[in-house]
Amino acid sequence: MDFVKKEDKRLIAKYEDLISRSYIVHKPNIYECHSATSIPNFQLIKSQLEMAKPISIEVWNPSGKYRVVSTKSMPGTRWIRLLTDQDCRVEICTEKKTILSVDDILALIGDRCDGVIGQLTEDWGEVLFSALKRAGGTAFSNMAVGYNNVDINAANKHGVAVGNTPGVLTETTAELAASLSLAAARRIVEADQFMRAGLYDGWLPHLFVGNLLKGQTVGVIGAGRIGSAYARMMIEGFKMNLIYYDLYQSTRLEKFVTAYGQFLQANGEQPVTWKRAATMEDVLREADVISLHPVLDKTTYHLINKDRLAIMKKEAVLVNASRGPVIDEAALVEHLKVNPMFRVGLDVFEDEPFMKPGLAEQKNAVVVPHIASASKWTREGMATLAALNVLGKIKGYPVWADANRIEPFLNDNSEPPAACPSIVNAKQLGLPIAKL
Ligand SMILES: NC(=O)C1=CN([C@@H]2O[C@H](COP(=O)(O)OP(=O)(O)OC[C@H]3O[C@@H](n4cnc5c(N)ncnc54)[C@H](O)[C@@H]3O)[C@@H](O)[C@H]2O)C=CC1
Ligand SMILES: O=C(O)C(=O)CO
């Protein structure tokens, strides 16, 4: 008997026949090689295994018919069970490095792969989609709602369905944007640092004076799922008035504000109001707190630039929990330097994981590492939706007709519908749509 470390799995995959004949057995941390001497070229195989720079993986249901790769370990186990129950062999990359390169992912795809669950940090373009197609794959899903890291044209060219994970992260992300709004408006992080530094020596009238939100105007740019949920939180929670800018009218949001305003008035309070702005500049000029929630594409790249920062109120709060490049971050750093009362709350950065020079030193910036969707329920749900997107395509299921109504897929107590929850290029690929 001999042993090969589990990290050597990538090359082991080349010797699947040995594994299938039980010469090599999966154990939690190692591969146990039985009857080593009877395996032809065992020493050669072993030295190749030792020389290679392997991609370490963990395997579930090794005998599964369909090979599904996840480029990262994801929260929860339901997503794994849903795949293994449907005859999938699941390989999860356990490599220590945070961001996998295209070469790393090519190695994971290998010669035969039915589908991949990937992450927003990865560059999914021509190279990876052509490799996936060559390996027999037809399905990819981002574990994210945003898919600006994916070249949809390349996916279409190679007939690969691209999934994303809408809805399950709407409230969680909006709550983080609301947290950043409050933290910036009330200078929470600055005050925390002051306290921990032992500088507090008694209450003072001027100590960490910030902005009151009640009765002020909240501006939302991109009033889709998350932008609308954020708007409701700020309106309902802090009785702010709304001004929003989106390419489309958000009728549901407008109706909500109207009804809530009527409720407040009926209770003898000042009603809240809403306005759909004709231009983004109107939002920037009028709002006291502005939160960015559009998709990242050509139309929203550097949406907030030097000129647009200049028209915002000097004491405004700007929040970004969408994508970093929506703001010209270098221009923002300069703006923060000369406008100490202007504050920002940032979850995302232009050159993630880096910040532009100077940003970390600005006290009027609250910065967190892209955690807006980071609640347990949401992250487990994202993993489930991503897995079901890939599974559904592999099994030939239709695409769910309304990606905004994904609750049936998230119920732990029942089996999910036989459908792909959200495939963004379903139309281009001519995929069938499920009846709800
Ligand atoms: N920081 C984080 O962890 C997270 C970030 N996100 C980001 O938030 C984005 C939005 O997510 P959802 O609300 O679910 O998407 P959504 O599709 O419901 O909303 C996006 C909205 O942006 C609008 N829009 C597009 N182009 C625009 C433009 N040029 N000007 C103004 N509005 C424009 C769309 O009309 C749509 O209403 C995602 O694409 C993703 O990049 C999402 C979840 C978590
Ligand atoms: O879903 C997304 O788009 C994220 O940024 C992470 O939740």
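Which residues in helix 5 meet which residues in helix 6? In this predicted model, Val102, Ile105, Leu106 and Ile109 of helix 5 meet Val127, Leu128, Ala131 and Leu132 of helix 6. The briefing below begins with that helix pair and the six-stranded open sheet with mixed pairing, continues with the seven-stranded open sheet with parallel pairing, and then turns to the residues around ligand 1 and those around ligand 2.

**Helix 5 and helix 6**

- Helix 5 and helix 6 (residues 126-134) pack with their axes 10 Å apart and at an angle of about 5°; the two helices are therefore roughly parallel to each other.
- Sorted by class, the residues in the contact of helix 5 with helix 6 comprise eight nonpolar, no polar and no charged residues.

**The six-stranded sheet**

- The strands of this open sheet follow the order 4-6-5-7-8-9, and their pairing is mixed.
- Strand 4 (57-60) and strand 9 (161-163) stand at the edges with a single partner strand each, so one side of each is left without a neighbour in the sheet.
- From one strand to the next, the twist of this sheet averages 15°.
- Strand 5 (residues 66-70) pairs with strand 7 (residues 115-118) in the parallel sense over three bridges, and within this pairing Val69 has Val116 in strand 7 as its bridge partner.
- Helix 5 (residues 102-109) lies across strand 4, strand 5, strand 6 (88-93) and strand 7, and runs at about 160° to strand 5.
- Helix 15 (residues 376-395) also packs on the sheet, where it touches strand 5, strand 6, strand 7, strand 8 (139-142) and strand 9, and the direction of helix 15 makes about 165° with that of strand 8.

**The seven-stranded sheet**

- In the open sheet of seven strands the order is 12-11-10-13-14-15-16, and the pairing is parallel.
- The edge positions belong to strand 12 (274-276) and strand 16 (365-367), each of which pairs on one side only, while the twist averages 15° from one strand to the next.
- Strand 10 (residues 217-221) and strand 11 (residues 241-245) are paired in the parallel sense over five bridges, with Thr217 standing opposite Asn241 in strand 11.
- Helix 11 packs on this sheet by touching strand 11 and strand 12, and the direction of helix 11 makes about 155° with that of strand 12.

**Helix 10 and helix 11**

- The axes of helix 10 (residues 225-238) and helix 11 (residues 251-266) come within 11 Å and cross at roughly 10°, which makes helix 10 roughly parallel to helix 11.
- On the side of helix 10, the residues that meet helix 11 are Ser228, Ala231, Arg232, Ile235 and Glu236, and their counterparts in helix 11 are Leu253, Phe256, Val257 and Tyr260.
- By class, the residues of the contact of helix 10 with helix 11 divide into six nonpolar, one polar and two charged.

**Surroundings of ligand 1**

- There are 26 residues around ligand 1, of which Arg225, Ile226, Asp246, Thr299 and Asp347 come nearest.
- An oxygen atom of ligand 1 lies 2.9 Å from a backbone N or O atom of Ile226, and a nitrogen atom of ligand 1 lies 3.0 Å from an N or O atom in the side chain of Thr299.
- The side chain of Arg323 also takes part, with an N or O atom 3.4 Å from an oxygen atom of ligand 1.

**Surroundings of ligand 2**

- Around ligand 2 are Leu120, Ala144, Val145, Gly146, Leu169, Arg323, His370, Ser373 and Met382.
- On the backbone, an N or O atom of Val145 lies 2.8 Å from an oxygen atom of ligand 2, and a polar backbone atom of Gly146 lies 2.9 Å from an oxygen atom of ligand 2.
- From the side chain of His370, an N or O atom lies 2.7 Å from an oxygen atom of ligand 2.

**Backbone geometry in two loops**

- Glu352 and Pro353 are joined by a cis peptide bond with omega of about 10°, and Pro353 is found in the loop between strand 15 (343-346) and strand 16.
- Asn61 has a positive phi of about 50° although it is not a glycine, and its place is in the loop between strand 4 and strand 5.

Conventions: Residues numbered from 1 in each chain as written. Chains lettered and ligands numbered in written order. Predicted model: local features only at pLDDT ≥ 70, side-chain atom pairs only at ≥ 80, totals over all residues. Heavy atoms only, no water. Axes fitted to C-alpha atoms, helices over the stretch in contact; angles between N-to-C directions. Helix = DSSP H or I, 4+ residues; strand = E, 2+ residues; numbered from the N terminus. Parallel < 35°, antiparallel > 145°, perpendicular 65-115°, else oblique. Contact = heavy atoms within 4.5 Å. Nonpolar A, V, L, I, M, F, W, Y, C, P; charged D, E, K, R; others polar. Pairing = 2+ DSSP bridges. Near = heavy atom within 4 Å. Polar contact = N/O pair within 3.5 Å; in protein donor to acceptor, adjacent residues only side chain to side chain.
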